[in-house]
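Biologist: Hey, got a minute to walk me through this one? I'd like to poke at a few side chains and see where they sit.

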Amino acid sequence: MKTRSIGTIAVAAALVAALAVPMFAQATAGSGTGTGTGSGTQLTAQQRADRAAARKAARKAKKDALEAARKAKKAARQAARSSEASATKGQREEQLKNRISNILAARDRRFDAATANITKRIGRVSALTDKVEGAGGNVGGVRSSLDAARGHLATALALEADAADLFNAVPGASNRRAAFTTARAKGRGAVAELKLARSSVRDAAQALRVIVRELRSQNATETVNAQ
């Protein structure tokens, strides 16, 4: 009984030893595998540098895209402002053209009426001058005044035409203020000549009255003497 027990114990010990070797080998294999896997997941210096360069390039690309979008937006705003400014400038020019056109139309009506009146008076005084001359009056001075009136009238008409052209050119001038000043001066010159023409006609009419009174006085004296 004792021998059998010892033999049984020896067999059991051998089995335990046999079973322990594979367990130890498995544990050792597991440890080796774990260590190998851990070493495989580590990055090399080149890989880390490549990843850093990629991140830097991505950040730069994003920054460049944002900058390009900002510049495009700015350019669009500037284009819109330029277009609006051009439209506003065109509107101002059109408004100025209409205003000048209305002013010139009113001016033409007044100027035409004045020239027509002076021309009519020149014709009337000229016709009376012919009659007075036929009656023996010395009308040389009267005719000189009438000639002066015609000359001033012709000058006034020429200056007024030039002034109209200058006024119409104001909206497109590079210096509108200077262009307007020049046109206004030309227009004032036309008005001044018109006044001189009117004054010359008045002088001719007054001189003709004097001559008529002298003729009447002379005829009255001759009539009295004849009686």
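Modeller: Sure. Let's start with Phe111, which is buried, with a relative accessible area of 6%. Keep in mind that this is a predicted model.

Biologist: Ok, and where is the place of Phe111?

Modeller: Phe111 is in helix 2.

Biologist: What is Phe111 in contact with, leaving aside its neighbours within four places in sequence?

Modeller: The contacts are Ala156, Leu157, Glu160, Ala190 and Leu194. Take Glu160 from that list: Phe111 and Glu160 sit 49 residues apart in sequence, with 8.5 Å between their C-alpha atoms.

Biologist: Is Glu160 buried or exposed?

Modeller: Glu160 counts as buried, because its relative accessibility is 6% and the cut-off for buried is under 20%. Glu160 belongs to helix 3.

Biologist: And which residues is Glu160 in contact with, neighbours within four places aside?

Modeller: Arg107, Asp108, Phe111, Gly187 and Ala190.

Biologist: Let me stay with glutamates. What about Glu193, does it sit buried with or without a salt bridge?

Modeller: Without. Glu193 is buried yet has no salt bridge, and Lys186, the nearest side chain of opposite charge, is 11 Å away.

Biologist: Why does 11 Å rule Lys186 out as a partner for Glu193?

Modeller: A salt bridge needs a side-chain nitrogen of Lys or Arg within 4 Å of a carboxyl oxygen of Asp or Glu. Lys186 is 11 Å from Glu193, and Glu193 has no salt bridge.

Biologist: Then what does Glu193 touch, not counting residues up to four places away?

Modeller: Glu193 is in helix 4, and it touches His152, Thr155, Ala156 and Leu159. His152 also comes up with Lys195: their C-alpha atoms are separated by 8.4 Å, though the two are 43 residues apart along the chain.

Biologist: Lys195, then: buried or exposed?

Modeller: Lys195 is exposed, at 52% relative accessibility. Like Glu193, it is a helix 4 residue.

Biologist: Switching topic. How many salt bridges does a search of the whole structure find?

Modeller: Seven. One of them pairs Arg176 with Glu93, and the closest N and O atoms are 3.4 Å apart. That pair links distant parts of the chain, with Arg176 in helix 4 (residues 176-226) and Glu93 in helix 2 (residues 45-134), 83 residues apart.

Biologist: Are those two buried or exposed?

Modeller: In between. Arg176 is partly exposed, with a relative accessible area of 28%, and Glu93 is partly exposed too, with 24%.

Biologist: Got another salt bridge for me?

Modeller: Asp130 and Arg143 form one, at 2.6 Å from N to O. Asp130 lies in helix 2 and Arg143 in helix 3 (residues 140-169), so the pair ties together parts that are 13 residues apart in sequence.

Biologist: Which other residue does Arg143 meet in a salt bridge?

Modeller: Glu133, again at 2.6 Å from N to O. Glu133 is in helix 2 and Arg143 in helix 3, so this pair ties together parts that are 10 residues apart in sequence. Through these shared partners, Asp130, Glu133 and Arg143 join into one network.

Biologist: How accessible are the members of that network?

Modeller: Partly exposed in each case: Asp130 has a relative accessible area of 41%, Glu133 has 40% and Arg143 has 26%.

Biologist: Now the surface. Which residues form a positive patch?

Modeller: Arg51, Arg55, Lys56 and Arg59 form a positive surface patch. Arg59 lies in helix 2 and counts as exposed, at 54% relative accessibility.

Biologist: Zooming out, what does the secondary structure come to?

Modeller: Four helices and zero strands, which reads α-α-α-α along the sequence.

Biologist: And how much of the chain counts as buried?

Modeller: 18% of the 227 residues. The accessible surface of the chain is about 16300 Å², and 58% of that belongs to carbon and sulfur atoms.

Biologist: Last one. What share of the contacts with a separation of 6 or more comes from residues 24 or more positions apart?

Modeller: 79% of them.

Definitions and conventions: Residues are numbered from 1 along each chain as its sequence is written. This is a predicted model: local features need pLDDT of at least 70, side-chain atom pairs count only at pLDDT 80 or more; totals for chains, interfaces and linings use all residues. Side-chain values use heavy atoms; hydrogens and water are left out. Helices (H or I, at least four residues) and strands (E, at least two) are DSSP runs, numbered from the N terminus. Buried means under 20% relative accessible area, exposed over 50%, partly exposed in between (1.4 Å probe, protein chains only). Patches are made of residues with over 30% relative accessible area and no salt bridge: like charges are joined within 9 Å, nonpolar side chains (Val, Leu, Ile, Met, Phe, Trp, Tyr) within 5 Å. Accessible areas come from the Shrake-Rupley method with a 1.4 Å probe; for residues, only the protein chains shown count as cover. Lys and Arg count as positive and Asp and Glu as negative; His and the chain ends are not counted. The place of a charge is taken as NZ of Lys, CZ of Arg, CG of Asp or CD of Glu. Contact means heavy atoms within 4.5 Å.
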